[in-house]
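Dear colleague,

I am passing on the structure we spoke about, together with my notes on what was found in it. Please read the notes with the coordinates open beside you.

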Amino acid sequence: MSDELEIPPAVPEAAPRATSQAAARRPGVRVRRSLARTGAYLILVALALFAIVPFSWLVLAAFDRQASIFVKVPTAWTLENFVNLFTNQDGLRLIVNSLIYSGGATLVLVVVATMAGYVLSRYSFPGRRTLMLGILLIRVIPPTAIIAPLYIIATSLGFLNTYYGVTLVLASWQLPLALWLMKGFFDTVPIQIEEAAWVDGATRLKAAFRVVLPLAGPGVGALIAFIGAWNEFLIPLVLISDPDKQPIALGLFRAYISYTQVDWGFLAALSMVYVIPAVVFYVVARRALQQSVAGGLAGT
Amino acid sequence: VRPVRSWRDALTLVGFLTPALALLGVFTIWPAVWAIYQSFTNKALTGFEARSPHFVGLQNYTRLLGDPDFHSSMLRTFAFVLLSAVVGQTIFAFAIAYLMAERPRWRLGFTPLFAAVFLLPLAVPEAVAALLWASTANGTQEGLLNRGLGLVGLGPVEWLQAHAFETVTVVNIWRGIPFAMVLFAAAIESIPRTTLEAGLIDGASAWQQLRRVVLPILRPQILTFLMLTTITTFGIFGLVFFLTRGGPGNATEIIGIYIYQRAFQFFEIGLGSAAGVLLLVVLLVLGAYYVWLMREQV
């Protein structure tokens, strides 16, 4: 996007001059345009406020010893909530669980999607196109639509309340998108790079793994997988009832609906920890993500 | 791209595809097929029907179609999708993106800063988004929104009680609109400047420019995004469930929550599956159109 911003020199330089004659003939234009600009800024500022104001509770309550559900500036700023979170068994447990689920799902997904993406990109075979479109169609199925049978299947296969079960389910939910991403990624890597390695005596597979894998593609896939699993709420809600195996999302929910005594400082600190990887992810992967969603979900 | 020529190629192909297809098969396709099967049984989580469910034909479907709660849940979901995905995240977002995007004779400053701020709501997980709004839209006088209203002398509004549906719709727009805007702005900026300038020299107004040049060029991207956001919005669960659990009454019981409650709170897995199948049908129809839009990308 910002590449686009750098280009302008010649053409736009000329354009305003050409049009300024027209503007001179209609003196109202300049005024109208600066009015429009002011209006545009007002709208953008209003929207930025809309986007950012709800965060005030999180930022303030996390550092407040007497945090409540209400937004207030702490009388004494403190890190106590974070200390509690990391020394308290339950808090630490939630964080570790979330890391297990997301880390596991990412690992599974990167391996599986890279393998499949590679052959989908490099080989042509009958039904390849149908397969790609079919995978895309699977993407539209939301967890809500099939959560009931998934629970029954989990019961009969015995992966209810297990780490590996939830990890695999989470991985499979991100898989269609990851497959498309990886296939699109391999499409952009010229086969000549691999062929060079074949000449050096590597087998086809060795060449693929040695040459192609170090490129950036799997990294982006990994990020998307991690964050998708990190954020998921419904799947653990249904498949995990053991409090020792809850991820953060469930911990937040259970703490929030416990009517007895909600520890708001704890909730805010936990939310803060929960948000950090997600925000870092968006900062790191923003451009890749835009492509993947703009094009990507749209193709590449 | 090359055709499969040897046994070795064929083996590689099958070997590399199998793990992915197995994962999809076991955790997505099987449950989807099982949903159809189960929707014809009286499977329950507890009691006699849990152990030996039997076929009940179309009974679950006739019950659903006769259930006013299901009707209102479906209608509510359509309204939720229409307001937040179509109007909010597509039409409204595009209009603002058009403001933000740089184009000939129109350039605003600070747009990267705005874009960064706008991405924050999407970056937070559903659970945190819900907590943020539980605080912001708190119905007492101390709630942040109500304190704002109090400044201009308006009484406290019980956002999540008296206006729960509107509030969760706004929360969903809050989460989705910023990203849509940034995306659309990038798409608008990717249109060649010369194309836009040609229009300007012909004396087109900004509005004509939008209608005659920008929209036709971006039509495929807009349509694809519209389909995608529509489809994902149908599947929303966590954000709303966390905030309201479908209440008060069933004011915010969108279809995802309806299914969850039938299946796991009333323990009627068969009925929940049937509702899931109906949702699936709607989504597969939309999805077929989405895939058709994407057919050239393969």
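**Notes on the predicted model**

In chain A, the loop between helix 8 (143-157) and helix 9 (163-188) holds Asn161(A), a residue that, although it is not a glycine, has a positive phi of about 60 degrees. Please keep in mind here and throughout that this is a predicted model. A residue with a positive phi of about 60 degrees also turns up in chain B, namely Phe267(B), which is likewise not a glycine. Phe267(B) sits in the loop between helix 13 and helix 14 of chain B, and with a relative accessible area of 34% Phe267(B) counts as partly exposed.

As for the overall make-up of chain A, there are 15 helices and 1 strand, and of the 300 residues of this chain 53% count as buried. Among the contacts in chain A with a separation of 6 or more, 69% are accounted for by residues 24 or more positions apart.

**The interface between the chains**

The contact between the two chains takes 109 residues from chain A and 106 residues from chain B, and the area buried between them is about 9900 Å², with carbon and sulfur atoms giving 79% of that area. On the side of chain A, the residues that lose the most area to chain B are Leu44(A), Tyr123(A) and Val140(A), although together they make up 6% of what that side buries. Helix 15 (residues 264-296) of chain A supplies the largest share of the side that touches chain B, with 14 residues. Sorted by class, that side of chain A has 87 nonpolar, 13 polar and 9 charged residues.

Which polar links cross from chain A to chain B? The count is 4 residue pairs in polar contact, with both residues at pLDDT 80 or more, whereas the rule finds 0 salt bridges across this interface.

The chains also pair through strands, in that strand 1 (residues 123-124) of chain A is joined by 2 bridges to strand 1 (residues 2-3) of chain B, and these strands run parallel. Within this pairing, Ser124(A) has Pro3(B) as its bridge partner in strand 1 of chain B.

A further point of contact involves Pro19(B), which is found in helix 1 (residues 7-38) of chain B. Leaving aside residues up to four places away in sequence, Pro19(B) touches Val112(A) and Met115(A). Pro19(B) counts as partly exposed, because its relative accessible area is 27%, and the cut-offs place anything under 20% as buried and anything over 50% as exposed.

**Salt bridges within chain B**

A search of the whole structure finds 4 salt bridges over all chains, and I describe some of them here. In one of them Arg63(B) is paired with Glu268(B), the closest N and O atoms being 2.9 Å apart. This pair links distant parts of the chain, since Arg63(B) lies in helix 3 (residues 59-65) of chain B and Glu268(B) in the loop between helix 13 (255-265) and helix 14 (269-293) of chain B, 205 residues apart. Arg63(B) counts as partly exposed at 37% relative accessibility, and Glu268(B) is partly exposed too, with a relative accessible area of 26%.

Another salt bridge is formed by Asp67(B) and Arg262(B), with the closest N and O atoms 3.8 Å apart. Here again distant parts of the chain are linked, with Asp67(B) in the loop between helix 3 and helix 4 (68-100) of chain B and Arg262(B) in helix 13 of chain B, 195 residues apart. Both Asp67(B) and Arg262(B) are buried. Arg262(B) also meets Glu253(B) in a salt bridge between their side chains, at 3.7 Å from N to O, and both of these residues are buried as well. Salt bridges that share partners thus join Asp67(B), Glu253(B) and Arg262(B) into one network.

Is Asp67(B) buried or exposed, judged by its relative accessible area? Asp67(B) is buried, because its relative accessible area is 15% and the cut-off for buried is under 20%. Apart from residues up to four places away in sequence, Asp67(B) touches Tyr258(B) and Arg262(B), and the side chain of Asp67(B) makes a polar contact of 2.7 Å with the side chain of Tyr258(B).

With best regards

Definitions and conventions:
Residues numbered from 1 in each chain as written. Chains lettered and ligands numbered in written order. Predicted model: local features only at pLDDT ≥ 70, side-chain atom pairs only at ≥ 80, totals over all residues. Heavy atoms only, no water. Contact = heavy atoms within 4.5 Å. Buried area = accessible area lost by both parts, 1.4 Å probe. Polar contact = N/O pair within 3.5 Å; in protein donor to acceptor, adjacent residues only side chain to side chain. Helix = DSSP H or I, 4+ residues; strand = E, 2+ residues; numbered from the N terminus. Nonpolar A, V, L, I, M, F, W, Y, C, P; charged D, E, K, R; others polar. Pairing = 2+ DSSP bridges. Buried < 20%, exposed > 50% of the residue type's maximum accessible area, 1.4 Å probe, protein only.
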